[in-house]
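Let's take a walk through a protein together, one part at a time. Have the sequence and the 3D view at hand as you read.

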Amino acid sequence: MSPHRNPRVLTTALLLVLSAACTGASAGQDAPDRVHGAKPGAAGAGDPLFPKMGNGGYDVTDYRLSLDYTPDSNRLEGTARITARATSALSSFHLDFAGLHIRKATVNGRTAKAERRGTELVLTPAADLPKGRTFSTTVVYDGKPRTIKDPDGSKEGWIETDDGAVGLGEPTGSMAWFPGNHHPSDKARYDITVTVPKGLTAVSGGELKQRETHGRHTTFHWRSQEPMASYLATVAIGDFDIHTTTTDGELPQYVAVDPDQAEDSTKVPDQVTGVIDWESRTFGRYPFSSTGAIVDHLPGLGYALETQTKPYFADAPDEILLVHELAHQWFGNSVTPRAWKDMWLNEGFATYAEWLWEEDHDGRTAEQTFRDFYDGTDDESGGIWDFAPADPPNAAAVSDPPVYGRGAMVLHKLRQAVGDKTFFTILRTWVKEHRHGNADTKQFIALSERISGKDLTKLYDVWLFGKDKPAKP
Ligand code: TRP
Ligand code: ZN
């Protein structure tokens with residue numbers, strides 16, 4: 001029985017001991033092990049579509065991951081060093097972590113009790129964590145990381161390839177390869193070090209700080225300087241040809257290409273440069289310190305992912321797919337939804353970037369694409385009326401057509417209502433005001449009304465929140 005829940009059972013003596021500890025007066029220690037009012041942190045971040053993802057009571061500022069991977073046996077050895085700040089007084093807290101064995105867990109250097117409950121890892125530190133205190137946690141783990149099947153049936157988590165593996169995280173896969181606060185509302189900086197057999201390359205987000213070979217192993221040290229949501233973290237291990245250059249805007253660019261895809265990817269490095277240049281002119285300054293792409297060979301994956309600074313492609317991408325994934329660097333990666341139901345802020349915007357690109361490169365006008373979606377003649381328009389883009393009915397639906405196609409249609413309606421100049425000011429202000437942060441649908445609506453000076457209630461009610469297909473405009 002917990003004395004916190006039933007104080008009547010406490011004896012006077014016990015109360016005295018507790019109050020002494022709460023005031024920091026326990027004998028022989030600088031800091032008390034018990035903190036008044038400390039409670040277990042919540043098992044979720046309060047996301048209605050993904051109740052178990054993320055955790056309560058703390059905010060991660062830094063992840064330092066050291067990984068050692070052996071492709072032949074698919075064995076991963078990892079150490080995760082997590083720096084976080086307690087947002088409430090904690091007697092224990094959760095991390096999201098699926099599979100693998102825990103070898104050791106510490107909090108502030110002292111061994112912590114580690115319990116597994118499904119995909120929750122519950123750590124009970126030797127000493128409670130006071131509200132506001134920054135603390136560090138180390139988890140040492142190993143084993144064969146698992147592939148996770150998404151609510152929508154696709155694969156993510158840790159996926160083996162013919163020459164290595166890749167870690168993919170949207171929406172929940174990152175918990176398969178490192179423990180963390182796996183919800184987009186908790187962005188952090190990442191430092192990822194990966195050791196692989198000599199001859200293979202380990203690619204990750206951010207910039208390559210160091211590459212060192214010792215005997216039969218090579219270690220790659222990557223650093224993401226800007227905050228990142230955990231679903232955007234990746235590691236791709238395998239045989240890669242590396243193409244480095246500098247974009248027109250002087251950004252370092254790193255493109256890794258699986259030799260199997262080399263023939264179909266010859267244009268990719270130049271296309272990345274061109275797309276980043278056009279998107280920077282369209283949406284405002286590129287939000288990260290470097291750019292690039294990972295072109296792997298993973299037949300059957302069925303999707304690409306906008307992993308931060310280097311989107312991941314399961315085979316050679318065409319230009320419009322590069323436009324989509326690179327547009328996410330602004331919409332999704334720099335400005336990240338606070339909750340998964342706001343996915344249209346990612347996918348609707350990245351899809352509209354495709355329409356704008358086409359319009360600007362001698363293709364259909366966005367107006368024509370809008371009509372093709374409305375009439376159902378565009379290849380990607382199937383299923384777009386299934387639900388309102390701002391209201392996916394369940395976890396599986398966050399990657400469904402209404403979020404993409406109808407999400408883009410919302411932006412086109414906005415553009416028609418406010419005119420081109422104001423529309424692009426709205427987009428640029430959005431990425432500027434929420435740079436490297438989190439935002440939600442309400443904030444986008446408010447910003448668009450503030451900048452245009454128009455009441456857009458009706459437009460959003462019909463196109464963004466309306467369940468049914470709107471009448472032909
Ligand atoms: N975000 C990816 C893209 O735009 C698609 C995707 C992959 C996705 N996994 C997802 C979208 C999970 C929503 C949820 O290409
Ligand atoms: Zn997308």
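To follow the first stop, you need one term: a donor is an N, O or S atom within 2.8 Å of the metal. Keep in mind, too, that this model is predicted.

Start at the zinc ion (ligand 2). Which residues coordinate the zinc ion? They are His324 and His328, each through NE2, and Glu347 through OE, at 1.9 to 2.0 Å. Read along the sequence, the donor residues follow the spacing H-x3-H-x18-E. His328 sits in the loop between α3 (319-327) and β22, while Glu347 belongs to helix α4, so this pair ties together parts that are 19 residues apart in sequence. Both His328 and Glu347 are buried.

Now for the geometry of the site. The ideal angle for four tetrahedral donors at a metal is 109.5 degrees. Here the angles among the four donor atoms of the zinc ion run from 100 to 119°, and the site is tetrahedral.

Next, turn to the sheets. In general, strands of a sheet pair through backbone hydrogen bonds, either parallel or antiparallel. One open sheet is built from four strands in the order β1-β4-β8-β7, and its pairing is mixed. At its edges stand β1 (39-40) and β7 (113-117); each has a single partner strand, so one side of each is left without a neighbour in the sheet. Look at β7 and β8 (residues 120-124): they run antiparallel and are joined by five bridges. In one of these strands, β8, you will find Leu123, the bridge partner of Ala114.

Another open sheet also has four strands, in the order β18-β19-β20-β21, again with mixed pairing. Its edge strands, β18 (241-246) and β21 (312-313), each pair on one side only. Strand β20 (residues 291-295) runs parallel to β21, and two bridges join them. Val295 has Phe313, in β21, as its bridge partner. Helix α2 lies across β18, β19 (252-257) and β20, running at about 140° to β19.

Finish at helix α7 (residues 420-433). Why should this helix span 20 Å? At 1.5 Å a residue, its 14 residues should give that length, and the end C-alpha atoms are indeed 20 Å apart. Within α7, the buried residues are Phe423, Ile426, Leu427, Thr429, Trp430 and Val431. The buried residues of α7 pack against several elements, including α2 (268-283), which you met lying across a sheet, and α4 (344-360), the helix that holds Glu347.

Note on methods
Residues are numbered from 1 along each chain as its sequence is written. Chains are lettered from A and ligands numbered from 1 in the order in which they are written. This is a predicted model: local features need pLDDT of at least 70, side-chain atom pairs count only at pLDDT 80 or more; totals for chains, interfaces and linings use all residues. Side-chain values use heavy atoms; hydrogens and water are left out. The expected span of a helix is 1.5 Å times one less than its number of residues. Buried means under 20% relative accessible area, exposed over 50%, partly exposed in between (1.4 Å probe, protein chains only). Contact means heavy atoms within 4.5 Å. Two strands pair if DSSP finds at least two bridges between them. Axes are lines fitted to C-alpha atoms, for helices over the stretch in contact, and angles run from 0 to 180 degrees between N-to-C directions. Donors are N, O and S atoms within 2.8 Å of the metal (3.2 Å for Na, K and Ca); water is not among the atoms, so sites may look incomplete. Four donors count as tetrahedral if all angles lie between 85 and 135 degrees; four count as square planar and six as octahedral if opposite donors are over 155 degrees apart and all others between 65 and 115; anything else is irregular.
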